[in-house]
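I opened a fresh page for this one and worked through it from the overall picture down to single residues. Here are my notes, in the order I took them.

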Amino acid sequence: WEINSSFYQPSAFLMMGIPGLEALHHWISIPFCALYLIALLGNCMILFIIKKTQSLHEPMYYFLSMLAVTDLGLVLCTLPTTLGIFWFNMRRIGFDACLTQMYFIHILSFIESSVLLAMAFDRFIAISHPLRHPSILTKTTVIKIGLAILLRGMVSLLPIPFLLKRLTYCGKTELSHSFCFHPDIMKLACADIKVNVFYGMIILLSTVGMDFIFIVLSYILIIKTVISLATKEECLKALNTCVSHICAVLVFFIPMIGLSMIHRFGKNVPPLINTLVAYTYLIIPPALNPLIYSIKSSHIREALLRALRRK
């Protein structure tokens, strides 16, 4: 403990694996390793194929590249601490290291939410204004959108580590997960956390919450446009281009909303459920997104097959 009269700050926190199943951590690590490997290889494959295939140098695939980079970042943020617990029971993480991991996890989550919104906007323009699509979403515009997404995440979350650092902590230092999460750290403080709660809720609603609302609105407009199409074949073809994105949205937002609700209102939720939802939120989307887009996108599938034939 670092003590300064009335101010107490722990030198480290203790992370948690899967509660009640500590004896099975070595076996549980096998599916986790498989998911991490799929996420790493799958997202690297997506980036490689888009870079090497000239026909994929379009806004839709630029945004998919941003999604793949974000997913890689999320995987690399949680992989060391998660596997460290499962393999070596390394539960200790320094206070500043924990705040740093938390900051990057939340930034990358917010960036993923914003990229999914940008992809919804791209699908709306492509279906509603197909002739104007290339002139609206130029390469320069896509780069500007990417930089705006990055800046928005970094700036909006910058106060969070400082708000946590000003708190007084006492007694309990055990986290609920194998990674650092803002509500989880905040609950360990024995000081007034109203500012933290209020700021966290405002940022969550004004970023991820607004992103989700605009994604829903985009699809309402897309459905209205699709309904007005002349034939059933055109309607199905237009909707088919959105299936991958809809799956990615559901895979990301459902566990994220569930985890947020559990941390804020689920005091009586079993720890095992809390842990499983957290892992679903941070590990499943990076592993599934490359599979979803590889299966549903004929362009990526064909480019992958061509690359394998050359090998």
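At which residues does UniProt place the feature "transmembrane region"? I looked it up: the unreviewed entry gives residues 24-50, 62-88, 100-121, 142-164, 197-222, 243-266 and 272-292. I keep in mind that the coordinates come from a predicted model.

**Entry 1: two of the annotated spans**

I took two of these spans and checked them against the model. Residues 243-266 come out as 96% helix and 0% strand, with 32 Å between the end C-alpha atoms. For residues 272-292 I found 100% helix and 0% strand, and here the end C-alpha atoms lie 28 Å apart.

**Entry 2: the whole chain**

I counted secondary structure next: the protein chain has 12 helices and four strands. The C-alpha trace spans about 70 × 45 × 35 Å along its principal axes. I then compared the radius of gyration with the globule rule: a compact globule of 311 residues would have a value near 19 Å, and the chain has 21 Å, which agrees.

Contacts came next. Among those with a sequence separation of 6 or more, 81% join residues 24 or more positions apart. I also noted that 48% of the 311 residues count as buried.

For the surface, I have about 15800 Å² exposed by the protein chain, with carbon and sulfur atoms supplying 72% of that area. On charges, I tallied 25 positive and 14 negative side chains. The centres of the two sets are 5 Å apart.

**Entry 3: Arg123, a charged residue**

Is Arg123 buried or exposed? Arg123 has 9% relative accessibility, so it counts as buried, the cut-off being under 20%. I located Arg123 in helix H3, which covers residues 95-128. Leaving out residues up to four places away in sequence, Arg123 touches Met60, Tyr219, Ile222, Thr241 and Cys242.

**Entry 4: along helix H2 and its ends**

I started just before the helix, at Glu58, which sits in the loop between helix H1 (25-52) and H2. Glu58 has a relative accessible area of 39% and is therefore partly exposed. I also checked its distance to Thr138: the two are 80 residues apart in sequence, yet their C-alpha atoms are 8.6 Å apart in space.

Within helix H2 I picked Ser65. With 14% relative accessibility, Ser65 counts as buried. Ser65 touches Leu47 and Ile50, again not counting residues up to four places away in sequence.

After helix H2 (59-88) comes the loop that leads to strand E4 (92-94), and Asn89 lies in it. Asn89 caught my eye: it is not a glycine, but its phi is positive, at about 55°. I looked up its accessibility too, and at 54% Asn89 counts as exposed.

**Entry 5: Ile193, in another loop**

Where is Ile193 found? I placed Ile193 in the loop between helix H7 (182-186) and helix H8 (194-227). Its relative accessible area is 22%, so I logged Ile193 as partly exposed. Not counting residues up to four places away in sequence, Ile193 touches Leu167 and Met186. One last distance for the page: the C-alpha atoms of Ile193 and Lys144 are separated by 36 Å, with their positions 49 residues apart along the chain.

Notes
Residues are numbered from 1 along each chain as its sequence is written. Side-chain values use heavy atoms; hydrogens and water are left out. Helices (H or I, at least four residues) and strands (E, at least two) are DSSP runs, numbered from the N terminus. The radius of gyration is taken over C-alpha atoms; the globule rule is 2.2 Å times the number of residues to the power 0.38. Buried means under 20% relative accessible area, exposed over 50%, partly exposed in between (1.4 Å probe, protein chains only). Contact means heavy atoms within 4.5 Å. Accessible areas come from the Shrake-Rupley method with a 1.4 Å probe; for residues, only the protein chains shown count as cover. Lys and Arg count as positive and Asp and Glu as negative; His and the chain ends are not counted. The place of a charge is taken as NZ of Lys, CZ of Arg, CG of Asp or CD of Glu. UniProt positions are given in the numbering used here, feature names are shortened, and annotations may be inferred rather than shown by experiment.
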